[in-house]
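The following note is meant for a colleague who is meeting this structure for the first time. Please read the numbered points with the sequence and model in view.

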Amino acid sequence: MTLVHNWHLGRRMEYPYFESRPKHQFAAVFNINRCIACQTCTMACKSTWTFNKGQEFMWWNNVETKPYGGYPQSWDVKTLKLIDNGENTWYTNEKDEKTSPYGVYEGDTIFEAAKKKNLNQWAVGYVPEDKEWRSPNFGEDVAKSSKPDESSSLPVHNRWFFYIQRICNHCTYPGCLAACPRKAIYKRKEDGIVLIDQKRCRGYRKCVEQCPYKKPMYRGLTRVSEKCIACYPRIEGRDPISEGRPMETRCMTACVGQIRLQGFLDDNPKNPITWLIKNQKIALPLYPQFGTEPNVYYIPPRWAPREYLRQMFGPGVDEAIEKFMVPSRELLAVMSLFRMSQTIVFEYRIEEGPKVFETMIHGKKFEMYNDTIIGLGEDGKEVVRTTVEEPIHIRPDKHYNSI
Amino acid sequence: MRKCFSVFKYGTALLGAVFLSTALYAAEEAAPGAKGMSDEEFTPVKEVMLVKFVQMEKPYHLSVHELGSAFKEVKGVTVNLQMQDKAFPNGGGSVKTAEVKGIHDGMTIFFQVSWDDATKDSRVIAPQQFRDGVALMFPLGKVTISTEEKFSPRMGDRQKPVNLWNWKADWEVDLVAASGIDEVSSQYPGMHDDFSTNPISQTYHKGLMQSPSILAGGISAGNLFSLPNRGRVVEDLNAEGFGTLTTQDHQDVDGCSAYEHGCWTVIMHRPLNTGDTFDVQFVPGESTYFNMAVWNGDKEDRNGQKNISTQWHPLELERIAW
Ligand code: SF4
Ligand code: SF4
């Protein structure tokens with residue numbers, strides 16, 4: 001094992017390979033607050049990559065309902081149990097903006113738990129059986145209710161559920177890659193996408209076992225494992241419609257709820273992905289305590305119990321929700337970029353507009369400016385331009401169903 | 001006092017209610033996960049297995065029952081097996097011994113391996129299914145092995161590569177499957193499928209089946225595990241240490257098997273000489289070594305999770321006597 005820095009955990013941790021970060025890292029921000037569980041993303045992925053024989057149970061993208069849903073069933077509970085040492089604690093006053101923005105996690109990661117338990121493998125894990133993969137919609141829309149008689153109102157609902165949208169996290173320290181005894185899994189230097197080499201894989205399912213998110217899946221037809229490939233031909237600009245420019249994945253671009261924005265995590269403070277994740281800390285990693293430094297980030301649902309959310313997204317939950325509930329002028333503008341373009345935005349620029357609205361939200365003053373946000377592509381050229389106020393279009397009454 | 005909260009406070013109780021491109025990058029290994037090996041492991045066992053010259057009646061049928069009679073008078077060796085405890089992930093330990101016999105007829109060499117296994121695991125379609133298997137390993141080239149001339153009995157090493165023959169129980173099922181590979185629907189009968197790989201089925205989609213890159217990564221990459229109609233049950237491989245196992249481009253080994261009374265008998269055979277530099281070559285009158293591993297699918301054995309012998313076994317080919 002070597003020591004690598006995991007900024008989600010705010011500390012160094014053990015990992016079988018040296019730290020080596022890509023030029024820029026494939027990453028996405030999912031705004032849970034807006035998801036309607038229409039599963040359009042799920043079907044976009046399925047109809048592109050997993051429509052075939054032996055892939056019947058495979059959903060590289062899935063949307064499950066928390067707290068009861070899970071695909072495969074109870075994946076997170078089972079993995080949390082494997083790393084539970086009774087002292088899985090965050091020290092939130094030990095913050096450093098660069099190296100430990102959420103504080104320091106002192107529990108075991110999947111790698112450390114395996115070492116402590118002398119498992120003689122790189123990470124803890126388990127291989128879900130076929131029956132666990134069978135019901136991707138298990139628990140859908142089932143609410144958890146602590147006080148059934150009470151009505152629900154913000155800030156925290158008594159009766160609640162929320163959707164969680166899951167793809168492979170293209171982790172910085174992938175459990176799957178660590179687990180593979182054949183080194184058939186690799187992380188690309190140029191964009192950090194994690195892939196299984198379909199020729200080297202021998203179907204051992206160690207990745208299925210040791211990915212804490214259960215995103216590699218075994219295909220009975222080909223007897224090897226497959227996983228989300230981050231639509232890499234699109235990322236590389238090789239999809240014919242991308243005209244050579246990096247383009248967001250199928251699940252992102254199909255999103256009806258406009259909850260998803262995908263791009264790359266880098267050091268540019270004016271990259272919308274980097275700004276939301278690192279500068280604003282409004283989008284948080286899923287189960288950072290697993291230790292893989294996942295690269296899909298979530299804006300937590302503002303109505304769910306905070307303790308539940310902290311277990312899921314770490315200690316950054318309160319700050320993220322606070323910022324989301326009363327968004328700043330810049331945040332409103334950046335949030336307007338979601339799903340306005342298929343071409344990946346590498347940088348944004350804001351042109352200021354007039355103030356159009358003001359009110360009080362939860363005792364805080366909120367002002368809305370109709371700013372224009374411009375998204376620039378990899379080549380610095382404009383790919384999208386939109387305003388904070390959505391343009392209104394009134395249908396002419398010549399249509400049969402006009403009001 | 002450090003300010004903290006526990007991520008497990010809410011607890012498991014609540015939750016508990018319920019393709020291929022460019023450079024390898026993160027994978028520069030810092031620690032191989034293999035602990036040191038003892039001198040004993042570099043010392044081959046004393047007992048030499050004599051690969052008897054047997055004149056075979058031709059043509060012979062590839063069946064354990066017919067070939068088996070040729071092994072009747074042959075004395076084999078008992079190989080002690082143990083769990084693989086050096087390279088991560090460790091595992092195995094459920095199969096304690098295997099019996100190995102060898103014969104040749106001046107053209108072809110045959111090895112027969114038998115071991116006890118209470119369950120027959122010959123399907124790997126469901127994610128929780130793992131196969132029974134056995135592998136024989138030979139040093140590449142002409143070598144002598146001793147504590148002075150070390151040769152790793154565990155998959156060889158960078159300077160000293162090995163040739164491996166790996167028989168797999170599920171490949172036997174594939175061999176006789178109508179579509180050239182055991183169907184997903186044989187594990188899940190009556191399942192709905194949009195596309196059948198079986199050409200006589202009503203849902204066979206010719207266009208789709210003939211465009212492998214659309215079909216499946218494993219097939220389009222030419223992975224022997226994924227290809228239908230591979231026509232053999234033994235895989236011919238090379239390795240130069242843990243994690244380096246690689247399928248050969250040219251496959252030369254075949255075999256057959258029988259599972260009876262809780263015991264596997266597997267015969268693997270190959271021409272004595274193949275002319276392939278990646279293969280071990282056998283010369284009557286000369287000696288080399290072998291080592292072996294057994295996988296018990298029922299115990300979730302696969303890869304390094306296997307039952308191994310930690311020492312090389314010498315073998316000598318009897319001279320041809322016409
Ligand atoms: S989410 Fe799982 S499959 Fe994806 S990179 Fe991380 S460990 Fe690997
Ligand atoms: S398409 Fe968007 S809104 Fe619909 S389920 Fe997927 S993430 Fe949610």
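Throughout this note, a residue is buried when its relative accessible area is under 20%, exposed when it is over 50%, and partly exposed in between, with a 1.4 Å probe and protein chains only. The model is predicted: local features need pLDDT of at least 70, side-chain atom pairs count only at pLDDT 80 or more, and totals for chains, interfaces and linings use all residues. Residues are numbered from 1 along each chain as its sequence is written, chains are lettered from A and ligands numbered from 1 in the order in which they are written, and side-chain values use heavy atoms, leaving out hydrogens and water.

1. Confidence. The predictor assigns the complex an ipTM of 0.91 and a pTM of 0.91. Chain B has an average pLDDT (the predictor's confidence in each residue, from 0 to 100) of 86, and 86% of the residues score at least 70. Residues 1-34 of chain B have a pLDDT below 50; this stretch nevertheless has 107 contacts in the model beyond near neighbours in sequence. Contact here means heavy atoms within 4.5 Å.

2. Positive phi values. A:Lys214 has a phi near 55°, a positive value in a residue other than glycine. It lies in the loop between α6 (206-210) and β12 (217-219) of chain A; helices (H or I, at least four residues) and strands (E, at least two) are DSSP runs, numbered from the N terminus. A:Lys214 counts as buried because its relative accessibility is 1%. A:Ser74, with phi near 60°, belongs to the loop between β4 and α2 of chain A and is buried at a relative accessible area of 13%.

3. Cis peptide bonds. One such bond joins A:Lys66 and A:Pro67, with omega about 15°. A:Pro67 is placed in the loop between β4 (62-66) and α2 (75-83) of chain A. Another joins B:Phe88 and B:Pro89, with omega about -10°, and B:Pro89 sits in the loop between β4 (82-83) and β5 (97-104) of chain B.

4. Helix α9 of chain A. Six of the eight residues of this helix (residues 272-279) are buried, among them A:Trp275 and A:Leu276. Their cover includes β3 (25-31), β14 (260-265) and α12 (329-335) of chain A. At the N-terminal end, A:Asn271 acts as a cap, with a side-chain oxygen 2.9 Å from the backbone nitrogen of A:Ile273. Just after the helix, A:Lys281 has a positive phi of about 55°.

5. Ligand surroundings. A residue is near a molecule if one of its heavy atoms lies within 4 Å of it. Around ligand 1 the residues include A:Cys168, A:Cys171, A:Cys176 and A:Cys211. Which residues come nearest to ligand 2? Of the 14 residues around ligand 2, they are A:Cys35, A:Cys38, A:Gln39, A:Cys41 and A:Cys255.

6. Cysteines. A disulfide is a pair of cysteine sulfur atoms within 2.5 Å. Zero disulfides are found over all chains. A:Cys251 is in no disulfide, and the nearest cysteine sulfur, that of A:Cys231, is 6.3 Å away. A:Cys251 is buried, with a relative accessible area of 8%.

7. B:Asn166. This residue is in strand β8 (residues 162-168) of chain B and is buried at a relative accessible area of 9%. Leaving aside neighbours within four places in sequence, B:Asn166 has contacts that include A:Arg202, B:Glu235 and B:Trp295.

How values were computed: A polar contact is a pair of N or O atoms within 3.5 Å; within protein, one must be able to donate a hydrogen and the other to accept it, and residues adjacent in sequence count only if both atoms are side-chain atoms.
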